[in-house]
Amino acid sequence: MTRRRAILSGSTFEERIGYARAVVDGDRVHVSGTTGFDYATMTISDDVVEQAEQCLRNVGAALAEAGCGFADVVRVRYLLPDRDDFEPCCRCCAAVSGRCGRPRP
(Lines give C-alpha, C1' and ligand atoms only; values in the text may rest on other atoms or scores of the structure.)
Protein backbone atom coordinates (compact mmCIF):
# COMPACT_ATOMS: atom_id res chain seq x y z
CA MET A 1 0.00 0.00 0.00
CA THR A 2 1.29 3.45 -0.95
CA ARG A 3 1.97 5.91 1.83
CA ARG A 4 0.02 9.15 1.58
CA ARG A 5 1.28 12.51 2.78
CA ALA A 6 -0.84 15.62 3.32
CA ILE A 7 0.44 19.07 2.41
CA LEU A 8 -1.19 21.72 4.56
CA SER A 9 -1.58 25.43 3.81
CA GLY A 10 -2.68 26.86 7.13
CA SER A 11 -6.38 27.06 6.27
CA THR A 12 -8.70 26.69 9.25
CA PHE A 13 -10.69 24.15 7.21
CA GLU A 14 -7.79 21.71 7.31
CA GLU A 15 -8.16 21.15 11.03
CA ARG A 16 -11.94 21.59 11.20
CA ILE A 17 -12.94 19.20 8.41
CA GLY A 18 -9.83 17.19 7.63
CA TYR A 19 -9.03 19.08 4.44
CA ALA A 20 -5.53 19.27 2.92
CA ARG A 21 -4.28 21.63 0.20
CA ALA A 22 -2.63 18.68 -1.50
CA VAL A 23 -2.15 14.97 -1.00
CA VAL A 24 0.89 13.11 -2.27
CA ASP A 25 -0.04 9.53 -3.09
CA GLY A 26 2.85 7.60 -4.58
CA ASP A 27 4.02 9.46 -7.67
CA ARG A 28 0.82 11.52 -7.90
CA VAL A 29 -0.06 14.81 -6.28
CA HIS A 30 -3.68 15.87 -5.93
CA VAL A 31 -4.28 19.58 -5.32
CA SER A 32 -7.82 20.75 -4.67
CA GLY A 33 -10.01 23.54 -3.39
CA THR A 34 -7.44 26.27 -3.84
CA THR A 35 -8.59 29.88 -3.73
CA GLY A 36 -6.93 33.27 -3.95
CA PHE A 37 -6.68 33.61 -0.18
CA ASP A 38 -3.29 34.90 0.98
CA TYR A 39 -2.38 32.94 4.11
CA ALA A 40 0.58 35.23 4.87
CA THR A 41 -1.69 38.25 5.30
CA MET A 42 -4.93 36.33 5.99
CA THR A 43 -6.70 38.39 3.33
CA ILE A 44 -8.24 37.97 -0.10
CA SER A 45 -8.21 40.66 -2.77
CA ASP A 46 -11.40 42.02 -4.33
CA ASP A 47 -9.65 41.91 -7.73
CA VAL A 48 -10.25 38.66 -9.63
CA VAL A 49 -6.85 38.70 -11.37
CA GLU A 50 -5.04 39.20 -8.06
CA GLN A 51 -7.07 36.30 -6.65
CA ALA A 52 -6.08 34.11 -9.61
CA GLU A 53 -2.41 35.05 -9.20
CA GLN A 54 -2.54 34.26 -5.47
CA CYS A 55 -4.36 31.02 -6.15
CA LEU A 56 -1.57 29.97 -8.50
CA ARG A 57 1.05 30.94 -5.91
CA ASN A 58 -0.81 28.73 -3.41
CA VAL A 59 -0.89 25.82 -5.88
CA GLY A 60 2.77 26.39 -6.78
CA ALA A 61 3.78 26.27 -3.11
CA ALA A 62 1.92 22.98 -2.62
CA LEU A 63 3.48 21.50 -5.75
CA ALA A 64 6.95 22.60 -4.65
CA GLU A 65 6.47 21.02 -1.24
CA ALA A 66 5.46 17.83 -3.04
CA GLY A 67 8.67 17.96 -5.09
CA CYS A 68 7.20 18.97 -8.44
CA GLY A 69 5.97 22.02 -10.32
CA PHE A 70 3.55 23.35 -12.91
CA ALA A 71 5.40 21.54 -15.70
CA ASP A 72 4.22 18.29 -14.09
CA VAL A 73 0.53 19.23 -14.04
CA VAL A 74 -1.71 16.99 -16.14
CA ARG A 75 -5.16 18.49 -15.56
CA VAL A 76 -6.57 21.76 -14.23
CA ARG A 77 -10.13 22.80 -13.53
CA TYR A 78 -10.84 26.52 -13.14
CA LEU A 79 -14.06 27.70 -11.54
CA LEU A 80 -15.01 31.33 -12.08
CA PRO A 81 -18.47 32.57 -11.11
CA ASP A 82 -18.40 35.22 -13.84
CA ARG A 83 -17.54 34.02 -17.36
CA ASP A 84 -16.19 37.49 -18.22
CA ASP A 85 -13.38 36.94 -15.69
CA PHE A 86 -11.89 34.09 -17.71
CA GLU A 87 -9.96 36.17 -20.27
CA PRO A 88 -8.15 38.38 -17.72
CA CYS A 89 -7.40 35.36 -15.51
CA CYS A 90 -6.29 33.30 -18.49
CA ARG A 91 -3.17 35.45 -18.81
CA CYS A 92 -1.85 34.55 -15.37
CA CYS A 93 -2.78 30.88 -15.86
CA ALA A 94 -0.87 30.87 -19.14
CA ALA A 95 2.12 32.42 -17.40
CA VAL A 96 2.55 29.32 -15.24
CA SER A 97 1.33 26.69 -17.70
CA GLY A 98 2.56 28.10 -20.98
CA ARG A 99 -0.87 27.70 -22.49
CA CYS A 100 -4.36 29.10 -22.14
CA GLY A 101 -7.56 27.20 -22.75
CA ARG A 102 -10.86 28.62 -23.84
CA PRO A 103 -14.13 28.38 -21.90
CA ARG A 104 -16.80 26.05 -23.19
CA PRO A 105 -20.00 27.65 -24.49
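Is Glu50 buried, partly exposed or exposed? Please select this residue to begin the tour. The model on the screen is a predicted one. Glu50 has a relative accessible area of 41% and is therefore partly exposed, since that value falls between the limits of 20% and 50%.

**Stop 1: the start of helix H2**

Glu50 belongs to helix H2, which covers residues 48–66. Keep Glu50 selected and add Asp46, Asp47 and Glu53. Together with Glu50, these residues form a patch of negative charge on the surface.

**Stop 2: Gln54 and Asn58**

Next, select Gln54, which is also placed in helix H2. Gln54 has a relative accessibility of 10% and counts as buried. If residues up to four places away in sequence are set aside, Gln54 touches Thr35, Gly36, Phe37 and Asp38.

Now move to Asn58, another residue of helix H2. With a relative accessible area of 12%, Asn58 is buried. Which residues does Asn58 contact, once its neighbours within four places in sequence are left aside? They are Thr34, Thr35, Gly36, Phe37 and Tyr39. Displaying Thr35, Gly36 and Phe37 is useful here, for these residues appear among the contacts of Gln54 and also among those of Asn58.

**Stop 3: the loop between E3 and H2**

Select Met42, which lies in the loop between E3 and H2. The backbone deserves attention at this point: Met42 is not a glycine, yet its phi is positive, at about 55°. Met42 counts as partly exposed, with a relative accessibility of 48%.

**Stop 4: the salt bridge**

How many salt bridges does a search of the whole structure find? The search finds one. To display it, select Arg4 and Asp25, whose closest N and O atoms are 3.4 Å apart. Arg4 lies in strand E1 (residues 4–7) and Asp25 in strand E2, so the pair ties together parts that are 21 residues apart in sequence.

The two partners may then be considered individually. Arg4 is exposed, with a relative accessible area of 61%. Asp25 counts as partly exposed, at 22% relative accessibility.

**Stop 5: the loop between E2 and E3**

From Asp25, turn to Gly26, found in the loop that runs between strand E2 (22–25) and strand E3 (28–31). Gly26 is partly exposed, its relative accessible area being 45%. For a view across the model, add Ile44 to the selection. Gly26 and Ile44 are 18 residues apart along the chain, and their C-alpha atoms are separated by 33 Å.

**Stop 6: the loop between E1 and H1**

Select Gly10, which is found in the loop between E1 and helix H1 (12–17). Gly10 is partly exposed, with a relative accessible area of 49%. A distance drawn from Gly10 to Cys90 leads towards the next part of the tour. The two residues are 80 residues apart in sequence and 27 Å apart in space, C-alpha to C-alpha.

**Stop 7: helix H3**

Cys90 is one of the buried residues of helix H3, which covers residues 86–97. Select the others with it: Phe86, Cys89, Cys92 and Cys93. Against which helix do the buried residues of H3 pack? They pack against H2, the helix that holds Glu50, Gln54 and Asn58.

Val96 is also found in helix H3. Val96 is partly exposed, with a relative accessible area of 33%. Leaving out residues up to four places away in sequence, Val96 touches Leu56 and Phe70. A C-alpha to C-alpha line from Val96 to Ser11 spans 23 Å, and the two are 85 residues apart in sequence.

**Stop 8: the loop between H2 and H3**

For the final selection, choose Gly69, found in the loop between H2 and H3. Is Gly69 buried, partly exposed or exposed? Gly69 counts as partly exposed, with a relative accessibility of 22%. Then add Glu15 to the view. The C-alpha atoms of Gly69 and Glu15 are separated by 26 Å, and the residues stand 54 residues apart along the chain.

Note on methods: Residues numbered from 1 in each chain as written. Predicted model: local features only at pLDDT ≥ 70, side-chain atom pairs only at ≥ 80, totals over all residues. Heavy atoms only, no water. Helix = DSSP H or I, 4+ residues; strand = E, 2+ residues; numbered from the N terminus. Buried < 20%, exposed > 50% of the residue type's maximum accessible area, 1.4 Å probe, protein only. Patch = residues over 30% accessible without salt bridge, like charges linked within 9 Å, V, L, I, M, F, W, Y side chains within 5 Å. Areas by Shrake-Rupley, 256 points an atom, 1.4 Å probe, with all protein chains shown as cover. Salt bridge = Lys/Arg side-chain N within 4 Å of Asp/Glu carboxyl O. Lys, Arg positive; Asp, Glu negative; His and termini not counted. Charge placed at Lys NZ, Arg CZ, Asp CG, Glu CD. Contact = heavy atoms within 4.5 Å.
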